[in-house]
Amino acid sequence: MAMILKSGGMIKMPTFAPEYLMAMAALAVAVSQILLKFAANRKYQKWWQAYLNTKVILGYALMGFSVLMNILAFREVNYKWGPVIASSSYIFVLFLGRLFFKERLSWQRLLGAGLIISGILVFSL
């Protein structure tokens, strides 16, 4: 537990395990990719509007935030777990794409997701 000073005394703040922080970073990357795809699928009147809009700015901000979360997590987590946890972002993108864009889950995509999940399971045993 992290401690924060308050005028009346100490307050206990919950801390996250670095593995959870990395998983949240992978989810943030997936959400940022969805935001960027929303922005890319839209037509703009002027060329600069494709780069300076809320979805693009928020998408890149989330990517930057996920980099910071990974940097903080790598201070504590064993380095061998980094790529394993980060690969879960591909799974998140697959299902978020289905949810928001009605993308088809072909057998190739499901096979790829299954290989990623099986790799994570084999690595974690």
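This passage describes the nonpolar core and the aromatic contacts of a predicted model.

The largest nonpolar core comprises eight residues. Its members are Leu21, Met22, Ala25, Ala28, Met69, Ala73, Val77 and Ile85. Helix 1 (18–40) and helix 2 (54–74) each contribute at least two of these residues. The most comes from helix 1, which supplies four.

Met22 is one of the core residues. Leaving aside residues up to four places away in sequence, Met22 contacts Asn70, Ala73, Phe74, Val77, Gly82 and Ile85. Among these partners, Ala73, Val77 and Ile85 also belong to the core.

Five aromatic pairs occur in the structure. In one of them, the ring centres of Phe38 and Phe100 are 6.1 Å apart and the ring planes meet at 70 degrees. The pair is classed as edge-to-face because that angle exceeds the cut-off of 60 degrees. Phe38 lies in helix 1, whereas Phe100 lies in helix 4 (residues 88–101). The two residues are 62 positions apart, and the pair thus joins distant parts of the chain.

Both rings belong to partly exposed residues. Phe38 has a relative accessible area of 31%, and Phe100 has one of 45%. Each value falls between the 20% limit for buried and the 50% limit for exposed, so both residues count as partly exposed.

Phe38 and Phe100 share one aromatic cluster with Phe101. Phe101 also has a charged neighbour: Lys37 sits over the face of its ring, at 5.1 Å from the ring centre.

Definitions and conventions: Residues are numbered from 1 along each chain as its sequence is written. This is a predicted model: local features need pLDDT of at least 70, side-chain atom pairs count only at pLDDT 80 or more; totals for chains, interfaces and linings use all residues. Side-chain values use heavy atoms; hydrogens and water are left out. A nonpolar core is a set of buried Ala, Val, Leu, Ile, Met, Phe, Trp, Tyr and Cys residues joined through side-chain atoms within 4.5 Å. Buried means under 20% relative accessible area, exposed over 50%, partly exposed in between (1.4 Å probe, protein chains only). Contact means heavy atoms within 4.5 Å. Rings of Phe, Tyr and Trp (its six-membered ring) pair if their centres lie within 6.5 Å; planes under 30 degrees apart count as stacked, over 60 as edge-to-face and the rest as tilted. A charge sits over a ring if NZ of Lys or CZ of Arg is within 6 Å of the ring centre and within 35 degrees of the ring normal.
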